[in-house]
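Me: I should like to learn how to read features of a protein model, one at a time. May we work through the structure shown here?

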Amino acid sequence: MRAWVVPTPGRLERTELPVPRPAVDELLIRVRACGVCRTDLHVRDGDLPPHRSPVVPGHEVVGEVVAAGSRAHGPGAGVRLGVPWLRRTCGRCRYCLRGQENLCPSSAYTGWDADGGYAEYVTVPAAYAYELPSHYPDEELAPLLCAGIIGYRALRRADLPPGGRLGIYGFGGSAHLTAQVAIAQGAVVHVLTRSSAARALALDLGAASAHDAYDSPPEPLDAAILFAPVGELVPVALEALDAGGTLSIAGIYLSDIPSLDYDRHLFRERTVRSVTANTREDGREFLANAADHRVRATVTRYPFDRADAALDDLAADRVGGVAVLTMPHG
């Protein structure tokens with residue numbers, strides 16, 4: 001099969017690999033579309049330490065079942081499923097047993113610990129694949145499988161009160177989906193991002209305002225989510241919070257955070273929270289929400305042969321919304 005691999009940090013190469021064979025509890029999926037996530041960029045560039053080398057990146061996979069392991073329970077051949085970032089957990093540790101499987105120390109991830117969706121075929125443990133809403137095209141479903149789910153968890157971690165004022169810092173794939181969920185829930189959303197195109201998209205999606213990332217929002221915020229992997233924005237976002245507000249940091253990678261001033265950034269019970277992956281329950285809740293209330297994924301399509309260009313464009317902020325790789329047979 002055709003595939004793209006990261007052989008060493010800093011490189012993405014096209015190659016051919018054997019079609020993977022599913023383990024006893026896995027499904028073999030023929031890839032129809034795969035989202036291009038900023039985490040893929042961190043895998044390529046070595047911001048995340050290599051867990052498998054070489055590795056096929058990609059963890060926002062929409063595809064169809066073509067084969068199953070002997071003990072894989074799930075839908076039969078031809079059914080469309082989603083392959084997400086969270087690939088496995090142990091199911092036995094204290095985190096798994098108390099509903100925090102995203103913190104499992106034995107967790108494994110698609111496109112980092114195991115080959116992902118920048119390929120014609122991928123495997124997934126049947127228990128970790130998602131059933132998908134039927135009324136979305138493949139390309140619009142793909143971003144929901146990481147950008148959407150992680151954004152949903154980040155929004156929950158932000159403790160936004162009903163009808164509250166939410167600041168969103170950075171406005172790429174995850175942020176533009178999360179903004180729609182928050183607006184649908186009655187929030188007033190202020191977007192702060194360096195991209196003029198992203199600011200225009202934010203206003204088009206219903207944001208109350210859109211400004212540069214380092215500007216002050218037009219009113220104090222009850223909550224904020226930092227999607228941009230820029231540690232310098234942490235004190236900026238904290239200073240924009242009202243008393244009792246929470247900053248949720250959504251990324252798996254963040255550059256260094258400058259020193260904080262207690263009175264300006266933390267006093268009056270302002271809170272900082274990180275987001276670590278997601279649970280399967282997060283994914284099921286978000287996709288059920290998306291089935292009932294359509295989320296508009298703004299997609300820039302790239303043919304599979306241009307996966308390298310898609311990552312380069314993402315790194316340079318040239319992607320409108322979310323980049324998605326499309327397969328010729330998809």
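Me: Which residues of α7 are buried?

Reply: Please keep in mind that this is a predicted model. An α-helix has 3.6 residues a turn, so residues three or four places apart point the same way. In α7, the buried residues are Leu-233, Val-234, Pro-235, Ala-237, Leu-238 and Ala-240. Helix α7 (residues 233-240) is largely enclosed by the rest of the structure, because six of its eight residues are buried.

Me: Which elements do the buried residues of α7 pack against?

Reply: They pack against the strands β10 (165-169), β13 (221-226), β14 (241-249) and β15 (271-274), and against helix α8 (262-266).

Me: How should I read strand pairing, and how many bridges join β3 to β4?

Reply: Strands are taken as paired when there are at least two bridges between them. Strand β3 (residues 26-36) and strand β4 (residues 61-68) run antiparallel and are joined by seven bridges. One of the bridge partners can be named: Leu-28 is matched with Ala-67 in β4. Strand β4 is also joined to strand β5 (residues 80-83), again antiparallel, by four bridges. There, Val-61 has Val-83 of β5 as its bridge partner.

Me: How many disulfides does the structure hold?

Reply: A disulfide is a covalent bond between the sulfur atoms of two cysteines. The structure holds zero disulfides. Cys-96 is in none, and the nearest cysteine sulfur, that of Cys-93, is 3.7 Å away. Cys-96 counts as buried, at 15% relative accessibility.

Me: Why is Cys-104 not bonded to Cys-90?

Reply: The cut-off for a disulfide is 2.5 Å between the sulfur atoms. The sulfur of Cys-104 is 3.6 Å from that of Cys-90, the closest cysteine sulfur, and this is too far for a bond. Cys-104 is buried as well, with a relative accessible area of 4%.

Me: Let us turn to charged side chains. How many salt bridges are there?

Reply: Side chains of opposite charge can pair when their charged atoms come close. The count comes to 28 salt bridges. One of the pairs is Glu-64 with Arg-32, at 3.2 Å from N to O. Glu-64 lies in strand β4 and Arg-32 in strand β3, so this salt bridge ties together parts that are 32 residues apart in sequence. Glu-64 itself counts as buried, at 15% relative accessibility.

Me: Which parts of the chain does the pair of Arg-280 and Glu-101 link?

Reply: The side chains of Arg-280 and Glu-101 meet in a salt bridge at 2.8 Å, N to O. Arg-280 is in helix α9 (residues 280-292), whereas Glu-101 is in the loop between α2 (94-97) and β7 (108-109), and the two are 179 residues apart. Both Arg-280 and Glu-101 are buried.

Me: Which residues are joined into one network by salt bridges that share partners?

Reply: The network consists of Arg-30, Arg-32, Glu-64, Arg-80 and Asp-138.

Me: What is the nearest side chain of opposite charge to Glu-139, and how far away is it?

Reply: Arg-301 is the nearest, 4.3 Å away. The salt-bridge cut-off is 4 Å. Glu-139 is buried yet has no salt bridge. This residue lies in helix α3 (residues 138-141). Leaving aside residues up to four places away in sequence, Glu-139 touches Ala-33, Val-299, Arg-301, Val-324 and Thr-326.

Key. Residues are numbered from 1 along each chain as its sequence is written. This is a predicted model: local features need pLDDT of at least 70, side-chain atom pairs count only at pLDDT 80 or more; totals for chains, interfaces and linings use all residues. Side-chain values use heavy atoms; hydrogens and water are left out. Buried means under 20% relative accessible area, exposed over 50%, partly exposed in between (1.4 Å probe, protein chains only). Lys and Arg count as positive and Asp and Glu as negative; His and the chain ends are not counted. Contact means heavy atoms within 4.5 Å.
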